[in-house]
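Q: Hey, got a minute to go through a structure with me? I'll throw short questions at you as they come up.

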Amino acid sequence: MESYGATALPQVKTGNTYMANLIFHINGDMNTPLEFCAELLINAGYTGRDTASVAGHIAEMKAAGIPAPKKTPCFFRKDPNLLSVASNIRILDKDCSGEAEFVLLRARGEWFIGCGSDVFDKRVEALDAAKSKHLYPNQISRDIWRLADIADHLDSLILRSWIGKSRARLYQEGNLANILKPEDMLRLLIQDCGCEPHDGFVMFGGTIPCLVEGMPFTDCFEAELADPVRGRYLRCRYELVVIN
């Protein structure tokens, strides 16, 4: 099966925790690898830039039985070992749903952007959003871009996702102008959580509303971050395999 994730290397010890190194490709160039060890993983939620967008996502989640957050945006710490590059995820049942997200990474003193997907269990999310984040991994693309290279047209980047094999159905589509700017998101994160970004920092930046009602289960999910200015894209694809 083709892998759309970064290549995993042997684990290294950071303090008392073992974390897996990943190899990313900058601008898709195999000759410019970036060795990365995640040390702090944050899932951001309800990060819409305008109140209407946030309200729409809250309504969408409520329809799936997930209560509204106490404040927006919200930030959840997640075990950095759950940053995954696998081409499939084993799940307990079909109550799971995926969403496309852009991902911020800090390495070598630089900021990078990738394409990723958060997978969550709707029943557990309805009971305890923080706990649900630890059930399944966060998927991320093999290729990444330097944030500085797209900073002047970041809002024009398009986030999309499809459900079903061979992109059977368009699930999400919208540009990053609908999501908080990275600098604003980081400022709020530091203000709310005291998390200072450093090398090894990863943040999934939240998502956009779905085009399909009910957040249906799919056995195949693909996310894409497209740059219409430079004519390129980042992709993250995986399959969901029920083990029960």
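Q: Which side chain does Arg232 make a polar contact with?
A: With the side chain of Asn27, at 3.2 Å. Keep in mind that this is a predicted model.

Q: Where does Arg232 sit, and is it buried or exposed?
A: Arg232 is part of strand β16, which covers residues 232-242. It's buried, because its relative accessible area is 18% and the cut-off is under 20%.

Q: What else does Arg232 touch?
A: Leaving out residues up to four places away in sequence, Arg232 touches Asn27, Trp145, Asp149, Ile150, Leu225, Ala226 and Asp227.

Q: Back to Asn27 for a second. Where is that one?
A: Asn27 is in the loop between β2 (17-26) and β3 (33-37). It counts as partly exposed, with a relative accessible area of 36%.

Q: And what's its phi?
A: Near 60°, so a positive value in a residue that isn't glycine. Most residues other than glycine have a negative phi.

Q: Which other residue, not a glycine, has a phi near 60°?
A: Ser166 does. You'll find Ser166 in the loop between β12 and β13, and at 73% relative accessibility it counts as exposed.

Q: Tell me about that pair of strands. How do β12 and β13 run?
A: Antiparallel, with six bridges joining β12 to β13 (residues 169-175). One of the partner pairs is Ile163 with Arg169 in β13. The two strands make a hairpin with five residues between them, and Gly164 in the turn has a positive phi of about 90°.

Q: Which other strand does β12 pair with?
A: Strand β15 (residues 220-227), also over six bridges and in the antiparallel sense. Leu159 stands opposite Leu225 in that strand. Leu225 is also among the residues that Arg232 touches.

Q: How many residues of β12 are buried?
A: Five of six, so the strand (residues 158-163) is mostly covered.

Q: Changing topic: how big is the largest pocket?
A: About 360 Å³ in volume. Its lining takes in 26 residues, and the ones nearest the centre are Tyr46, Cys74, Phe76, Glu125 and Ala129.

Q: Which elements give two or more residues to that lining?
A: β4 (40-45), α1 (51-63), β5 (74-78), β8, β9 (110-121), α2 (122-127) and α3 (129-132).

Q: What's the mix of residue classes there?
A: The pocket lining has 14 nonpolar, five polar and seven charged residues.

Q: And cavities, how many of 30 Å³ or more?
A: Four. The largest holds about 60 Å³ of space. Its lining includes Tyr46, His57 and Pro209, and by class there are five nonpolar, six polar and no charged residues.

Q: You listed β8 for the pocket. Where does Ala107 fall in relation to that strand?
A: Ala107 is in β8, which covers residues 96-107. It's buried, at 5% relative accessibility. Ala107 touches Leu34, Phe36, Phe112 and Asp199, if you skip residues up to four places away in sequence.

Q: How far is Ala107 from Gly200?
A: In space, 6.1 Å from C-alpha to C-alpha; in sequence, 93 residues.

Q: Last one: which peptide bond is cis, with omega near -10°?
A: The one from Thr72 to Pro73. Pro73 lies in the loop between α1 and β5. Most peptide bonds are trans.

Technical notes. Residues numbered from 1 in each chain as written. Predicted model: local features only at pLDDT ≥ 70, side-chain atom pairs only at ≥ 80, totals over all residues. Heavy atoms only, no water. Helix = DSSP H or I, 4+ residues; strand = E, 2+ residues; numbered from the N terminus. Buried < 20%, exposed > 50% of the residue type's maximum accessible area, 1.4 Å probe, protein only. Polar contact = N/O pair within 3.5 Å; in protein donor to acceptor, adjacent residues only side chain to side chain. Contact = heavy atoms within 4.5 Å. Pairing = 2+ DSSP bridges. 1 Å grid on protein atoms, 1.4 Å probe; cavity = no way out; pocket = protein on both sides within 12 Å on 5 of 7 lines; lining within 4 Å. Points joined across faces, edges and corners; volume = space filled by probe spheres on them. Nonpolar A, V, L, I, M, F, W, Y, C, P; charged D, E, K, R; others polar.
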